[in-house]
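Me: I am new to this structure and would like to understand the words people use for it. Could you take me through some of them, one question at a time?

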Amino acid sequence: MILTNGGRRIATATGAMLADPDSLGNLAEDARETLFDPEFWRARGELVTVTGGRGSAWFIASGAHQWVLRHFRRGGFIARLSQDAYVWTGEEGVRAFAEWRLLELLARRGLPVPRPVAARYQRTGLRYRCDLITQRIVDAEPLSAALARSALREPLWRAVGAAVARLHGAGVDHADLNAHNILVGVKDVAVGVEDTVSVIDFDRGRLRAQGAWSARNLRRLRRSLAKITRDLPPGRYSEETWAWLMEGYEAAAGGEAK
């Protein structure tokens, strides 16, 4: 059953998966659920590295494929009760499926997000667990990591603001916009190139009519920048760099940002 442009639902023994057949090739039929098992990729010598964060994420290099595999994990107090199980409310409510569909739509619109490859859930009674594979944005690093290494040039701050504005202009409410979920090109940090800023991790993200949520997104990002640079050398983040970001935002938004 086709659910979105380029997406196909595949039934599995314990649930279902969504896949982009063009991205997966023969793996969609040959591997299926093992695609979401880090040990499958480790055995093939294609598990590149492991990253931290709220979820569990692995980089995969398989031939020409460069992917990110993420296992969804709970955050906050509820994680003490269950680290990765969610309450089943129907397939439409599966978090990995919702993120896959949102990314697929945004990628088709040419917005600065990773293209989704596959998503799956495994259901046990009234609970489910889920995973997501996306295209890896190569030669990029989180904004937080870039700031930890060096100060950023003005054009890059403006490019960050412009990327956020493009998403807001399309009605995309990112539930956790922070300096870890914005990627900047590694080469761009050194030379100030403006054209490779992306936003990742759209768990709980959604499309909305324009409203106060966009200002909340920006406030969250500003708090994140202040927090991660608190103990870094002076000049990594300041009122001036935030002004550069907002100037890029406002230019991309056509002067409509508040």
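Me: Which residue in strand 3 is the bridge partner of R9?

Reply: That partner is L18. Keep in mind that this is a predicted model.

Me: What makes strand 2 and strand 3 a pair?

Reply: Two strands pair if there are at least two bridges between them. Four bridges join strand 2 (residues 7-11) to strand 3 (residues 15-19), and the two run antiparallel, so they meet the cut-off of at least two. A hairpin of three residues joins strand 2 to strand 3.

Me: How many helices and strands does the protein chain have?

Reply: There are nine helices and 14 strands. Of the 258 residues, 49% count as buried.

Me: Why is W41 called buried?

Reply: Buried means under 20% relative accessible area. W41 has 0% relative accessibility, so W41 counts as buried.

Me: Why is the pair of F40 and W41 called edge-to-face?

Reply: Ring centres have to lie within 6.5 Å for a pair, and planes over 60 degrees apart count as edge-to-face. For F40 and W41 the values are 4.9 Å centre to centre and 80 degrees between the planes, so both conditions are met.

Me: What makes F97 and Y121 edge-to-face?

Reply: Their ring centres are 5.3 Å apart and their planes lie at 65 degrees, so this pair is edge-to-face too. It links distant parts of the chain, with F97 in helix 4 (residues 95-108) and Y121 in strand 8 (residues 116-124), 24 residues apart. Both F97 and Y121 are buried. They also belong to a cluster in which ring pairs link Y86, W88, F97, Y121 and Y128. The structure holds seven aromatic pairs.

Me: How do you know that the charged end of R136 sits over the ring of F59?

Reply: The charge has to be within 6 Å of the ring centre and within 35 degrees of the ring normal. The charged end of R136 is 3.9 Å from the centre of the F59 ring and sits over that ring. Likewise, the charged end of R70 sits over the ring of F72, 4.5 Å from its centre.

Me: What makes strand 10 and strand 13 edge strands?

Reply: Each of them, strand 10 (140-142) and strand 13 (197-199), pairs on one side only. They belong to an open sheet of three strands in the order 10-12-13, with antiparallel pairing. The twist averages 30 degrees from one strand to the next.

Me: How do you know that strand 12 pairs with strand 13?

Reply: Three bridges join strand 12 (residues 182-185) to strand 13, running antiparallel, so the cut-off of at least two bridges is met. One residue pairing is V184 with its bridge partner V197 in strand 13. Helix 6 packs on this sheet, touching strand 12 and strand 13, and its direction makes about 40 degrees with that of strand 13.

Me: Why is the span of helix 9 called close to the expected one?

Reply: The expected span is 1.5 Å times one less than the number of residues. Helix 9 (residues 239-252) has 14 residues and reaches 20 Å from its first C-alpha to its last, against an expected 20 Å. Its buried residues are T241, W242, W244, L245, M246, G248 and Y249. Helix 6 (154-169) and helix 8 (213-228) are included in what covers them. Just after helix 9, G254 takes a positive phi of about 75 degrees.

Methods. Residues are numbered from 1 along each chain as its sequence is written. This is a predicted model: local features need pLDDT of at least 70, side-chain atom pairs count only at pLDDT 80 or more; totals for chains, interfaces and linings use all residues. Side-chain values use heavy atoms; hydrogens and water are left out. Buried means under 20% relative accessible area, exposed over 50%, partly exposed in between (1.4 Å probe, protein chains only). Contact means heavy atoms within 4.5 Å. Rings of Phe, Tyr and Trp (its six-membered ring) pair if their centres lie within 6.5 Å; planes under 30 degrees apart count as stacked, over 60 as edge-to-face and the rest as tilted. Axes are lines fitted to C-alpha atoms, for helices over the stretch in contact, and angles run from 0 to 180 degrees between N-to-C directions.
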